[in-house]
Amino acid sequence: MKKYDFFKRDWTCPTDEQLLDTKLFYQNSVEIYAHYDQWKDIDRFYRIPLYLKMTYSCGWVAEIAPDPVRLGSFVRCTLEHPELFQYPCPECGKVVQPHRYVGSPLSGVVHLEGRCECGWHGFEEVSGWNLRATTLRDTISQDNTLRKRLRRKIKGETSTIAELLEWLKSSGE
Ligand SMILES: [Zn+2]
C-alpha cells in the first residue's frame, strides 16, 4: 500500500463482531485515552484492530486510512497532535479526544467525532482533511516500520476492546 494513496482498494467487509468491538471503543474512548500509559506497551492491546470506516464516497471512495487501524496508532496520533485532533467540549470546556473522523477530501471538511468526560458526545467540524489523513498515515507507517525493525510478526496475536476494558477494570481495583 502506498502511504498516501487515498483511494479505497480493499473491500473486505468487517464482521458484525468486529464492528461491535469498535463500537465499544466509541463508547469508552474517554477511559481508553485516559489509561493509554497503562496499555500502550502491551503489544496485543496496542494492535487491537479498529474498523472505523473513515471513508468518503462520491462515485469513487477515498479513505483517511484503511481499516483496520490499530488502536495504539490511532490513540498515539491524537495525543501527539493535539492541535489537529483535540478540541474543547462545547458543554464543559474539557479536552475532547476523537474516536473517529470522517470528511470530504474535496471540501477538506472533517468531523472529529468524540466523547467528553461530562457525557457530551458529538463532533467538531474543522478543515484540513488532507493534513489529518497524512498525519494518521505517518503514525501508522512509523508503527509498521518499528515492528519490522523489531522483527515482530505483523500477524501476531491481538486482543479486543472488550478484553482491554476488562483488563483496565481488573488492574484498577
Ligand atoms: Zn464536556
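The largest nonpolar core holds 27 residues, and among these Leu50, Ala65 and Leu71 touch the most other members. Five elements each supply at least two residues of this core: helices α4, α5, α7 and α8, and strand β7. The model is a predicted one. The residue ranges of the five contributors are as follows.

| Element | Residues | Share of the core |
|---|---|---|
| α4 | 43–46 | at least two residues |
| α5 | 71–80 | at least two residues |
| β7 | 109–115 | at least two residues |
| α7 | 129–149 | at least two residues |
| α8 | 161–172 | at least two residues |

Leucine 50 deserves a second look. Setting aside neighbours within four places in sequence, leucine 50 is in contact with Thr22, Phe25, Pro68, Val69, Leu71 and Phe74. Leu71 also ranks with leucine 50 among the core members that touch the most others.

Phe25 appears again where two helices meet. Helix α1 covers residues 16–27, and its axis comes within 8 Å of the axis of α8. The two axes cross at roughly 40 degrees. That angle makes α1 oblique to α8. On the α1 side, Asp21, Leu24 and Phe25 make the contact. On the α8 side, Ile161, Ala162 and Leu165 do so.

Now the sheet. Four strands form an open sheet, in the order β5-β6-β7-β8, with antiparallel pairing. Its edges are β5, residues 87–88, and β8, residues 121–127. Each edge strand pairs on one side only. Strand β6 spans residues 95–103, and 2 bridges join β5 to it. In one of the pairings, tyrosine 87 has valine 96 of β6 as its bridge partner.

Between β7 and β8 runs a loop, and glutamate 117 is found there. Glutamate 117 has 13 C-beta neighbours inside 10 Å, so it counts as partly exposed. Apart from neighbours within four places in sequence, glutamate 117 is in contact with Val30 and Lys94. Alanine 34 lies 83 residues away from glutamate 117 in sequence, yet their C-alpha atoms are 10 Å apart in space.

Finally, the whole chain. The protein chain contains 8 helices and 8 strands. Its radius of gyration is 16 Å, close to the 16 Å that the globule rule gives for 173 residues, so the chain is as compact as a globular protein of that length. The C-alpha trace spans about 50 × 45 × 30 Å along its principal axes. Buried residues make up 29% of the 173 residues. Of the contacts between residues at least 6 apart in sequence, 62% join residues at least 24 apart.

Methods:
Residues are numbered from 1 along each chain as its sequence is written. This is a predicted model: local features need pLDDT of at least 70, side-chain atom pairs count only at pLDDT 80 or more; totals for chains, interfaces and linings use all residues. A nonpolar core is a set of buried Ala, Val, Leu, Ile, Met, Phe, Trp, Tyr and Cys residues joined through C-beta atoms within 7 Å. A residue is buried if 20 or more other C-beta atoms lie within 10 Å of its own, exposed if 12 or fewer, and partly exposed in between; C-beta atoms are placed from the backbone. Two residues are in contact if their C-beta atoms, placed from the backbone, lie within 7 Å. Two strands pair if DSSP finds at least two bridges between them. The radius of gyration is taken over C-alpha atoms; the globule rule is 2.2 Å times the number of residues to the power 0.38. Axes are lines fitted to C-alpha atoms, for helices over the stretch in contact, and angles run from 0 to 180 degrees between N-to-C directions. Angles under 35 degrees count as roughly parallel, over 145 as roughly antiparallel, 65 to 115 as roughly perpendicular and the rest as oblique.
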